Amino acid sequence: LVVSVAACNTAPTPIQAPFWQGTVKFSIDEGSDDTWVTEGPVTWIKEENPELAPLNGGASYIIQSGSLTATRRGEGDGCSVKMDTTLTLKPGDGSLTVYPSGSYVGRILATTPSLATYSCPGLPTVTAYDALFIDLEMKGQVDSDLRMKGTMVPRGGGVTFTGSWDFFAK
């Protein structure tokens with residue numbers, strides 16, 4: 001029996017990973033002490049037959065599961081807003097493409113209605129629906145430990161959106 005040493009020492013490539021598991025965090029800072037934070041675990045699963053195959057031999061992943069806790073805290077002009085909820089991610093809420101070179105690009109985009117409590121001195125407290133969302137853009141290079149970790153380029157214009165992620169191949 002002859003076994004090639006090279007074959008035994010071949011590390012899996014990023015596109016061979018059937019799953020990517022880890023955490024995400026997305027924040028919105030509206031200024032005037034109004035901040036939204038959404039974070040929690042996310043699992044991506046490889047699509048064996050994607051409807052649109054990625055170019056350049058890439059592997060396509062969709063969200064298998066995700067349960068993000070979300071909070072909103074705001075104060076201004078003596079009033080406050082408070083919201084606590086869970087955002088459950090579904091397969092259509094994100095896409096991730098990993099290329100043979102180890103580069104990747106992905107996005108999580110989801111929204112859910114949630115009850116928020118608004119309080120102002122001298123007025124009755126009001127509970128009303130507000131929309132909670134996440135719009136996390138991911139781009140980077142898988143490292144030698146088959147880990148993708150990064151920070152979203154902040155974007156905004158009066159409102160600042162930031163985010164981060166940390167996933168391991170499974």
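Buried, in these notes, means under 20% relative accessible area, exposed means over 50%, and partly exposed is in between, with a 1.4 Å probe and protein chains only. I'm working on a predicted model, where local features need pLDDT of at least 70 and side-chain atom pairs count only at pLDDT 80 or more, while totals for chains, interfaces and linings use all residues. Residues are numbered from 1 along each chain as its sequence is written, and side-chain values use heavy atoms, with hydrogens and water left out.

**Entry: strand pairing**

I began with the strands, which are DSSP runs of E with at least two residues, numbered from the N terminus (helices are runs of H or I with at least four). I call two strands paired if DSSP finds at least two bridges between them.

How many bridges hold E1 and E2 together? I get 11, in the antiparallel sense, with E1 covering residues 19-29 and E2 residues 34-46. Looking across that pairing, I find Gly40 of E2 opposite Val24.

E2 also pairs with E3 (residues 59-76), again antiparallel and over 11 bridges. Here I noted Ile62 of E3 standing opposite Ile45.

Further along, E8 (residues 147-151) runs antiparallel to E10 (residues 160-169), and five bridges join them. Gly150 has Trp165 in E10 as its bridge partner. I then checked which residues of E8 are covered. Met148 and Gly150 make up the covered face, whereas Arg147, Lys149 and Thr151 are on the uncovered one. So I have Gly150 down twice, on the covered face of E8 and as the partner of Trp165.

**Entry: salt bridges**

My cut-off is a side-chain nitrogen of Lys or Arg within 4 Å of a carboxyl oxygen of Asp or Glu. With that, I searched the whole structure and got six salt bridges.

Asp84 and Arg73 make one of them, at 3.0 Å from N to O. Asp84 sits in E4 (residues 79-89) and Arg73 in E3, so this pair ties together parts that are 11 residues apart in sequence. Both ends are partly exposed: I have Asp84 at 43% relative accessibility and Arg73 at 37%.

Next I looked at Asp93 with Lys90, which meet at 3.4 Å, N to O. Is Asp93 buried or exposed? It's buried, with a relative accessible area of 11%. Lys90 is partly exposed at 48%.

Then there is Asp135 with Arg107, where the closest N and O atoms are 2.8 Å apart. This one links distant parts of the chain, from E7 (residues 126-141) for Asp135 to E6 (residues 103-119) for Arg107, 28 residues apart. Asp135 counts as buried at 11% relative accessibility, and Arg107 as partly exposed at 34%.

I also found a network: salt bridges with shared partners join Asp34, Arg72 and Asp130.

**Entry: negative patch**

Which residues gather in the patch of negative charge on the surface? They are Asp29, Glu30, Asp33 and Glu75. For a patch I take residues with over 30% relative accessible area and no salt bridge, joining like charges within 9 Å and nonpolar side chains (Val, Leu, Ile, Met, Phe, Trp, Tyr) within 5 Å. Lys and Arg count as positive, Asp and Glu as negative, and His and the chain ends are not counted. Each charge is placed at NZ of Lys, CZ of Arg, CG of Asp or CD of Glu. The areas are from the Shrake-Rupley method with a 1.4 Å probe, and for residues only the protein chains shown count as cover.

I singled out Glu30, which lies in the loop between E1 and E2. It is partly exposed at 34% relative accessibility.

**Entry: loop residues**

Asp77 caught my eye for its positive phi of about 55°, although it is not a glycine. It lies in the loop between E3 and E4, and at 84% relative accessibility it is exposed.

Leu146 also has a positive phi of about 55° and is not a glycine. Its place is the loop between E7 and E8, where it is buried at 18% relative accessible area.

Val142 lies in the loop between E7 and E8 and is buried, with a relative accessible area of 9%. How far is Val142 from Leu87 in space? I get 27 Å, C-alpha to C-alpha, with their positions 55 residues apart in sequence.
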